[in-house]
Each structure stands twice: as structure tokens, then as C-alpha cells.
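User: Hi! I am new to protein structures and would like to learn how to read one. Could you take me through it step by step?

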Amino acid sequence: MTYEIQETISVPAAPQQVHALLSDVTRTGEWSQQCERCEWEGAQRGVGARFTGYNRTTEREWQTTSEVIADIPGEHFAWSVGPGRVEWGYRMRPAAGGGTELTQYSRTLPALEEYFAERFGDRAGAEIARRRDAARTGVPATLEAIRAVLADR
């Protein structure tokens, strides 16, 4: 029941600038479709740093704890929710005509299935499918919102 989703667009900023924006998780609410805000836990930044996400949809509100698992300026920023249940991230590379080719991806890990089986029982598969469908529509919308934020700087 695991899944992986990714989408790519071109954005009007250099990879280093894109990374600087996206690795500032306190700004996530400016472009995310579900996450209203994030707060760092402690002073550490970079790989190993943790943050709390405050999320909302029309159906529910919830919090997540995430850990940064990749932080390469101008190339890659990613975090693990749970940690160890779902990986989210961005990859950046220079675009041919200038700007950045930005890819957002999400993939579930086996620990998510175990967690959902415990939490939802027979509904686990349906709950994972609901989240997969939300990611399929949310990722392109999030990328467009990031492009708009970068265009307005």
C-alpha cells in the first residue's frame, strides 16, 4: 500500500535561493495545501533537526513531528514525518533557460502501513489511499504556490 509521487516545474530563482526558501520550514504555510505552519524544535538546523507541523483540511486538524534527512544547499531538502513513516522533499537543479527545475516528491515507508493498521484497522488501506489522493492534487498545487512566492520576491 506504499506509494511515491513526484512532480517537477520550473521556478524563477537560482537553486541556492530556492533551497534557502524551502529549507526555512517556518515559511511552509505560504505554499502548502495542508500545513498552516511549522516550528523548529530547538536551535539545530540541517540534517537531524526536528520541527512540528500544524496541519488542517476541511475534515480535520493534526500535528506532525518531522526530522530533516537531507539538506544540501541548492540541490536537496527533505524530511521524514513520523519520523520514519513518510518522506517529503524537494530536489533542485539549474534549468536550461535560467531559474530552477524544482521537483517535489513524497513517498510512504513501510512503517506508515504498520502505524495505520494499528490506528485504523480494516480502514487502513482506505486512509492511506485518501492521503495518496490528497498528495496527487496537493503536490502540483504546492509547486505552483512556490513558483508564485518566488516570482513575488
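**Reading the model, feature by feature**

Analyst: Gladly! P110 counts as exposed, because its relative accessibility is 54%, and exposed means over 50%. Keep in mind that this is a predicted model.

User: Where is P110 found?

Analyst: P110 is part of helix α2. Its C-alpha atom is separated by 6.8 Å from that of T2, although the two are 108 residues apart along the chain.

User: How do I read a helix such as α2, and which of its residues are buried?

Analyst: Here is the general idea: an α-helix has 3.6 residues a turn, so residues three or four places apart point the same way. Now the case here: in α2, residues 110-120, the buried residues are L112, F116 and F120. Viewed down the helix axis, these buried residues fall within an arc of 35°, so they line one face of α2. On the other side, P110, E114 and E118 are exposed.

User: What do the buried residues of α2 pack against?

Analyst: They pack against the strands β6 (86-94) and β7 (100-108), and against helix α3 (124-151). Just after α2 comes G121, with a positive phi of about 60°.

User: Now the sheet, please. In what order do its strands lie?

Analyst: The order is β1-β7-β6-β5-β4-β3-β2, an open sheet of 7 strands with antiparallel pairing. The edges are β1 and β2; each has a single partner strand, so one side of each is left without a neighbour in the sheet. From one strand to the next, the twist averages 20°.

User: How many bridges join β2 to β3?

Analyst: There are 6 bridges between β2 and β3 (residues 50-56), and the two strands run antiparallel. Within this pair, R37 stands opposite Y54 in β3. Helix α1 packs on the sheet, where it touches β1, β4 (61-72), β5, β6 and β7. The direction of α1 makes about 155° with that of β6.

User: Is S106, in strand β7, buried or exposed?

Analyst: S106 is buried, because its relative accessible area is 0%. Leaving aside neighbours within four places in sequence, S106 is in contact with Y3, E4, I5, V86, E87 and W88.

User: What about a core: which residues have the most contacts inside the largest nonpolar one?

Analyst: The general idea first: in soluble globular proteins, nonpolar side chains tend to be buried together. In this model the largest nonpolar core has 34 residues, and those with the most contacts inside it are V18, L22, Y90, L102 and I146. At least two residues of this core come from each of β1 (4-11), α1 (15-22), β2 (35-41), β5 (76-81), β6, α2 and α3. The largest share, 8 residues, is supplied by α3. Take L102 as a case: beyond its neighbours within four places in sequence, its contacts include V18, L22, Y90 and I146.

User: One last feature. How many disulfides does the model have?

Analyst: In general, a disulfide is a covalent bond between the sulfur atoms of two cysteines. Here the count comes to 0 disulfides. The closest cysteine sulfur to that of C35 is in C38, at 3.4 Å, too far for a bond, because the cut-off is within 2.5 Å.

User: Are C35 and C38 buried or exposed?

Analyst: C35 counts as buried, because its relative accessibility is 10%. C38 counts as buried as well, at 7% relative accessibility. For reference, buried means under 20%.

Note on methods
Residues numbered from 1 in each chain as written. Predicted model: local features only at pLDDT ≥ 70, side-chain atom pairs only at ≥ 80, totals over all residues. Heavy atoms only, no water. Buried < 20%, exposed > 50% of the residue type's maximum accessible area, 1.4 Å probe, protein only. Helix = DSSP H or I, 4+ residues; strand = E, 2+ residues; numbered from the N terminus. Arc of directions from axis to C-beta. Contact = heavy atoms within 4.5 Å. Core = buried A, V, L, I, M, F, W, Y, C linked by side-chain atoms within 4.5 Å. Pairing = 2+ DSSP bridges. Axes fitted to C-alpha atoms, helices over the stretch in contact; angles between N-to-C directions.
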